[in-house]
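Please open the model in your viewer and keep the sequence panel beside it. The tour below proposes a series of selections and says, for each one, what is to be found there.

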Amino acid sequence: DRLQQNHHHRGFGDLSVLGGWTVNYEDTQDLDYIDATLRLGGLFPTGSTRNYDYLVDVSNGYGGHYALPISLALAIGWYDWITAGTYVGVMPFFKKIETNQEIFNKPGTLWEVNAYLKADHMLLGFSFLLNYSFAHQQRGSFNQTITPQPGFLRWTMHTLNFLASYDFATYQKPYLPEIGFFYNLIVGGKNIFNTDVG
């Protein structure tokens with residue numbers, strides 16, 4: 001009986017191909033620069049999908065669906081080492097071509113908003129980053145003959161991202177490495193896996 005067997009699932013996720021346009025403005029007196037980047041692309045379902053032979057299994061991507069990721073990023077730098085920025089992204093999904101036993105015919109649109117502050121090489125080679133991330137996926141359209149699990153209806157997640165790193169490279173030795181530590185702390189949400197990552 002597969003419900004009593006151990007199950008391991010690993011593999012590659014979906015493939016995203018993006019193109020964009022960046023504007024850099026440096027003709028300012030008080031700021032170092034102002035950057036803006038607009039990106040548009042496609043997400044292709046190259047990851048494995050959920051295996052319904054097991055009670056709990058998660059796909060390595062977005063369940064075999066295509067999507068259209070669109071994003072806008074803004075950044076402002078000053079004092080040669082401080083950067084503040086924001087990121088807004090939206091990813092609408094398209095219905096799968098093939099038909100099989102799937103809970104959703106089309107996932108809901110995925111939204112993401114980030115705001116960050118980075119201190120780059122502020123003390124010797126030390127750099128620090130603090131980021132707040134809000135992500136939300138809307139309710140998708142699903143097969144009414146299958147009862148969807150609550151976690152697949154819609155979800156929301158609030159995350160704090162921390163990064164600290166030290167760069168050993170110098171002008172004389174640019175090949176030296178940079179080492180860092182990151183920690184993603186989930187501070188709230190609904191219908192998500194509450195797992196911090198570091």
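A residue is called buried under 20% relative accessible area, exposed over 50%, and partly exposed in between. By that rule Asn-191, at 31% relative accessibility, counts as partly exposed, and this residue makes a convenient place to begin. Select Asn-191 in the segment after strand 12, which spans 178-190, and inspect the backbone there: phi is positive, at about 60°, although the residue is not a glycine.

**The whole chain**

Now zoom out and colour by confidence, bearing in mind that this is a predicted model. The protein averages a pLDDT of 85, and 85% of the residues score at least 70. Confidence is lowest in strand 7, with a mean of 64, and highest in strand 5 (residues 82-91), where the mean reaches 96.

Switch to a cartoon representation, and the secondary structure comes to 12 strands and 0 helices, so that, in keeping with the DSSP runs by which elements are assigned, the order from the N terminus on reads β-β-β-β-β-β-β-β-β-β-β-β. Of the contacts with a separation of 6 or more, 57% are accounted for by residues 24 or more positions apart. If you then display the surface, the protein exposes about 13,500 Å², of which carbon and sulfur atoms supply 60%, while buried residues make up 25% of the 198 residues.

**A nonpolar patch**

With the surface still on, select Leu-15, Val-17, Leu-38, Leu-40, Phe-44, Tyr-66, Leu-68, Ile-70, Leu-72, Leu-74 and Phe-94, which make a nonpolar surface patch of about 930 Å². Which strands each supply at least two residues of this patch? They are strand 1 (15-25), strand 2 (33-44) and strand 4 (70-78). As one member to examine singly, take Val-17, which is found in strand 1 and counts as partly exposed because its relative accessibility is 45%, a value that lies between the limits of 20% and 50%.

**The loop after strand 1**

Continue to Gln-29, whose place is in the loop between strand 1 and strand 2. With a relative accessibility of 83%, Gln-29 counts as exposed. Add Trp-78 to the selection and draw a distance between the two C-alpha atoms: Gln-29 and Trp-78 are 49 residues apart along the chain, and their C-alpha atoms are separated by 10.0 Å.

**Around strand 8**

Move next to Thr-109, in the loop between strand 7 (104-106) and strand 8. Is Thr-109 buried or exposed? Thr-109 is buried, because its relative accessible area is 17% and the limit for burial is under 20%. Not counting residues up to four places away in sequence, Thr-109 touches Val-90, Met-91, Pro-92, His-136, Gln-137 and Gln-138, and showing these side chains together gives a view of its surroundings.

Follow the chain into strand 8 (residues 110-123) and select Tyr-116, which is partly exposed, with a relative accessible area of 24%. Leaving aside neighbours within four places in sequence, Tyr-116 is in contact with Leu-74, Ala-75, Thr-83, Ala-84, Gly-85, Thr-86, Leu-129, Leu-130 and Asn-131. Among these, Leu-74 also belongs to the nonpolar patch. For Asn-131, add a C-alpha distance to the view: although Tyr-116 and Asn-131 are 15 residues apart along the chain, their C-alpha atoms are separated by 4.1 Å.

Past the end of strand 8, stop at Leu-124, which lies in the loop between strand 8 and strand 9 (126-137). Like Asn-191, whose phi is positive, Leu-124 has a positive phi, here of about 55°, although it is not a glycine. Leu-124 is exposed, with a relative accessible area of 69%.

**Aromatic rings**

For the last stop, show the aromatic side chains; the structure holds 5 aromatic pairs. One of them is formed by Phe-126 and Phe-128, whose rings are stacked, at 6.4 Å centre to centre and with 10° between the planes. Phe-126, at 36% relative accessibility, counts as partly exposed, and Phe-128, at 37%, counts as partly exposed too. Extend the selection to Tyr-166 and Phe-168, since Phe-126, Phe-128, Tyr-166 and Phe-168 form one aromatic cluster.

Conventions
Residues numbered from 1 in each chain as written. Predicted model: local features only at pLDDT ≥ 70, side-chain atom pairs only at ≥ 80, totals over all residues. Heavy atoms only, no water. Patch = residues over 30% accessible without salt bridge, like charges linked within 9 Å, V, L, I, M, F, W, Y side chains within 5 Å. Areas by Shrake-Rupley, 256 points an atom, 1.4 Å probe, with all protein chains shown as cover. Salt bridge = Lys/Arg side-chain N within 4 Å of Asp/Glu carboxyl O. Helix = DSSP H or I, 4+ residues; strand = E, 2+ residues; numbered from the N terminus. Buried < 20%, exposed > 50% of the residue type's maximum accessible area, 1.4 Å probe, protein only. Contact = heavy atoms within 4.5 Å. Phe/Tyr/Trp six-rings, centres within 6.5 Å; stacked < 30°, edge-to-face > 60°. pLDDT = per-residue confidence, 0-100.
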